[in-house]
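Please look through the structure shown below together with its sequence, and then use the points that follow as a guide for a first careful reading.

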Amino acid sequence: MAATFQDIFKSSFLERMDSVPLLDMLLALVLAFLLGLFIFLVYQHSYSGVMYSPSFGVTLVALSLITTLLILAVTSNVVLSLGMVGALSIVRFRAAVKEPMDIAFLFWAIAVGIVLAAGLIPLAVLGSLFVGAVLLVFSRRRGGNSPYILVLRCHSPGAESAARDLVESRVRRLSLKSKSVGPGETELNYEVRLRDGDAGFVDELGDMEGISQVVLVSYNGDYMG
């Protein structure tokens, strides 16, 4: 028997329109946006990789909002929650995560959305403040002792020894990573830890006789062996 126009508007779809109170939904979304923005700012200030990606920071804000929407829908209907579990089980994300800390920020954004949608607002706010403070503290401590790679191209053994003596006297720690010898030229790759951020020795190395090129780059383990 064909459904009438009146039967359509009596469907369970319309009955579920007020399953989530409008005020609760707005409050959860606003808090998700604010906490997502806080996660983005922490990510921006604690990032220590090679290439900073602003789009990933925006993704953290969007992920907090999307997760909040999803969990609000799940908590409003048990049958809907079972359907969503089955639908999400076939979703696959293939984007490579280059920085290990990015995984922590992704889980943090998802956790904020889940906790907010569950109505645990103090836990979401205080927990986010605590996690953000911990990440900022550890990122600053790590930044003060970050490693660098020093690349030297020398044309004589004497220049190689003189350059090493100069660097050893000016840095906190020096470690030879690789040495390549070619016709009339030697390339040296050192891992160095600067002393109070002092990189003035690079200019002195460039002025030394027998050294053709000096390069100092920040190193986090991604692009050098």
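On the surface of this predicted model, the residues V30, F33, L34, L37 and L41 together make a nonpolar patch of about 420 Å². One of these residues, L37, lies in helix α3, which covers residues 22-46, and L37 counts as partly exposed because its relative accessible area is 34%, a value between the 20% and 50% cut-offs. An α-helix has 3.6 residues a turn, so residues three or four places apart point the same way.

**The chain as a whole**

- The protein chain has nine helices and four strands, and when it is read along the sequence these elements follow the pattern α-α-α-α-α-α-α-β-α-β-β-α-β.
- Of the 225 residues in the protein chain, 28% are buried, while the chain exposes about 14,300 Å², of which carbon and sulfur atoms supply 66%.
- When contacts between residues at least 6 apart in sequence are considered, 71% of them join residues at least 24 apart.

**Strand β1 and its partners**

- Strand β1, made of residues 147-154, is largely enclosed by the rest of the structure, because six of its eight residues are buried.
- β1 pairs with strand β3 (residues 185-194) in the antiparallel sense over eight bridges, and in this pairing T186 of β3 is the bridge partner of C154.
- β1 also pairs with strand β4 (residues 211-218), again in the antiparallel sense, over seven bridges, and here V217 of β4 is the bridge partner of I149.
- As a background point, the side chains in a regular strand alternate between the two faces of the sheet.

**Helix α6**

- What distance should the 18 residues of helix α6 (residues 100-117) span at 1.5 Å a residue? The expected span is 26 Å, and the end C-alpha atoms of α6 are 27 Å apart, which agrees.
- The buried residues in α6 are D102, F105, W108, A109, V112, G113, V115, L116 and A117.
- Just after α6, the residue G119 takes a positive phi of about 90 degrees.

**Salt bridges**

- Side chains of opposite charge can pair when their charged atoms come close, and with salt bridges counted for N and O atoms within 4 Å, the count comes to six.
- E168 forms a salt bridge with R164, with the closest N and O atoms 3.3 Å apart, and these two residues are separated by about one helical turn because they are four residues apart in helix α8 (residues 157-170).
- Both members of that pair count as partly exposed, E168 at 40% relative accessibility and R164 at 30%.
- K177 forms a salt bridge with E191, with the closest N and O atoms 3.1 Å apart, and this pair links distant parts of the chain, since K177 is in strand β2 (residues 171-182) and E191 is in strand β3, 14 residues apart.
- Is each member of this pair buried or partly exposed? K177 is partly exposed, with a relative accessible area of 40%, whereas E191 counts as buried at 9% relative accessibility.
- The side chains of E191 and R193 also meet in a salt bridge, at 3.3 Å from N to O, and R193 counts as buried at 16% relative accessibility.
- Salt bridges that share partners join R173, K177, E191 and R193 into one network.

How values were computed: Residues numbered from 1 in each chain as written. Predicted model: local features only at pLDDT ≥ 70, side-chain atom pairs only at ≥ 80, totals over all residues. Heavy atoms only, no water. Patch = residues over 30% accessible without salt bridge, like charges linked within 9 Å, V, L, I, M, F, W, Y side chains within 5 Å. Areas by Shrake-Rupley, 256 points an atom, 1.4 Å probe, with all protein chains shown as cover. Buried < 20%, exposed > 50% of the residue type's maximum accessible area, 1.4 Å probe, protein only. Pairing = 2+ DSSP bridges. Contact = heavy atoms within 4.5 Å. Expected span 1.5 Å × (residues − 1).
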